[in-house]
Amino acid sequence: MSYVGPDFDPPQPRRSRRGPLTVALAALVPGALLGWLVYEAVGAPGGSGQAAGPASSSASVSRPLSASPSGSVTDDGKVSPTASAKASGTPSASAPAASGPLKGKVVVIDPGHNPGNFRHTAEINRQVDIGTNSKECDTTGTSTNSGYTEARFTLDVAHRLRAILEQQGATVKFTHDGDSPPWGPCVDERARIGNNAHADAAVSIHADGSAEGNRGFHVILPAAVHAGAADTRPIAAPSKSLGERIAGNFLRVTGEPPSNYIGDGTGLVTRKDLGGLNLSTVPKVFIECGNMRDSKDAALLTSGAWRQKAAQGISEGIVSFLRG
Ligand code: ZN
């Protein structure tokens, strides 16, 4: 979503002030258990207070409290030292040994926008070539009416999603990690990062900025375009499969309905105007997890517990796609 209001005063990124709530993770807990732990650690403090567990069967696992220096999850979803791995595209420093169903698979997660874009409007407004036409390098994204920005949302879901996928053995790369780089990257570069990583799947995470009353999620699929540097013909079909699986699992895990304002109730929309899709040579989709400008959706999007479900739903779609 593009929201570039000149008078928009971006809230400062909230740094974790909840030292006591930082929960150390055991070094070698099983994947499902870690997923639950991450949920407990990051979902509850920032969430809506709901006690509901994740949709997985791991909800009944008791919570070990043994501390470990190997990593920790804070209430804003960051995993240390993962979050301190500043270089764009760098695999998590805390990635477990590659094992599990996604061993050998590369997933690129593209957190939509960047919290720093608000301070770099000149840079993000420059035009880049997306094959079919030119477009802004990047946009600031939208926010809830209370000021929770899309850029913060997308990074938070991205961190949660990375933790889940790495536990399944995947190699996960980010297009950016908030302050690295300090803005962007541009949409063409976001596509290039996925291409250069030879990603088996790439997902760009967003939330929409439509009118109150418009709610629900939708997954954006690349149209088959062939113009300039854009040639999505080879990836259109696998991207559609990836998108359908993400949509189905997102719906099942979060309970969020498909969009009531776009996609005719399917939760799927095909577009040819997004550089991040047009320039991709690997299977890639966008997901708009909800509408930040709708009060009902905003209540979900600002809940840490809900964001954990969102990450879980997206991950299960990715796993379904990668396992065939
Ligand atoms: Zn967006």
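User: Hello! Where do I start with this chain, and what percentage of its 324 residues count as buried?

Analyst: Welcome! Of the 324 residues in the chain, 53% count as buried. Keep in mind that this is a predicted model. The accessible surface comes to about 12,900 Å², and 53% of that surface belongs to carbon and sulfur atoms.

User: How many helices and strands does the chain have?

Analyst: There are eight helices and 13 strands. As for how the chain is held together, residues 24 or more positions apart account for 82% of the contacts with a separation of 6 or more.

User: How do I read a sheet? What is the order of the strands in the open sheet of six?

Analyst: Walk across it strand by strand. The order is S7-S4-S8-S13-S9-S12, and the pairing is mixed. S7 (171-174) and S12 stand at the edges with a single partner strand each, so one side of each has no neighbour in the sheet. On average, neighbouring strands here are turned by 25° against each other, direction ignored.

User: Let's zoom in on one pair. How many bridges join S4 to S7?

Analyst: Four bridges join them, and the two strands run parallel. A good residue to look at is valine 106, which belongs to strand S4 (residues 106-111). Opposite valine 106, in S7, stands threonine 171.

User: Is valine 106 buried or exposed?

Analyst: Check the relative accessible area against the cut-off: buried means under 20%. Valine 106 has 16%, so it is buried. Leaving aside neighbours within four places in sequence, its contacts are Thr171, Ala197, His198, Ala199, Asp200 and Ala201. You can also compare sequence with space: valine 106 and leucine 165 are 59 residues apart in sequence, and their C-alpha atoms are 9.8 Å apart.

User: Which strands does helix H3 lie across?

Analyst: H3 (residues 150-167) lies across S4, S7, S8 and S13, and runs at about 145° to S8. Its 18 residues reach 26 Å from first C-alpha to last, close to the 26 Å expected at 1.5 Å a residue. Because 16 of those 18 residues are buried, H3 is largely enclosed by the rest of the structure. After H3 comes glycine 169, with a positive phi near 100°.

User: And which strands does helix H4 touch?

Analyst: H4 (residues 187-196) packs on the sheet and touches S4, S7 and S13, with its direction making about 165° with that of S4. Seven of its 10 residues are buried, so H4 too is largely enclosed by the rest of the structure. Those buried residues include Val187, Ala191 and Ile193. Among the elements covering them are strand S5 (127-129), strand S6 (134-136) and H6. Just after H4, histidine 198 takes a positive phi of about 50°.

User: How should I read the buried residues along a helix?

Analyst: Start with the general idea: an α-helix has 3.6 residues a turn, so residues three or four places apart point the same way. Now try H5 (residues 233-254), whose 22 residues reach 31 Å, close to the 32 Å expected at 1.5 Å a residue. Its buried residues include Ile235, Ser239, Leu242, Ile246, Phe250 and Val253. Find these on the model as you follow the helix along.

User: What covers the buried residues of H5?

Analyst: The cover includes strand S8 (201-208), strand S9 (218-222), strand S12 (268-271), helix H6 (275-278), strand S13 (284-291) and helix H8 (304-323). Just past the end of H5, glycine 255 takes a positive phi of about 75°.

Conventions. Residues numbered from 1 in each chain as written. Predicted model: local features only at pLDDT ≥ 70, side-chain atom pairs only at ≥ 80, totals over all residues. Heavy atoms only, no water. Expected span 1.5 Å × (residues − 1). Buried < 20%, exposed > 50% of the residue type's maximum accessible area, 1.4 Å probe, protein only. Contact = heavy atoms within 4.5 Å. Areas by Shrake-Rupley, 256 points an atom, 1.4 Å probe, with all protein chains shown as cover. Pairing = 2+ DSSP bridges. Axes fitted to C-alpha atoms, helices over the stretch in contact; angles between N-to-C directions.
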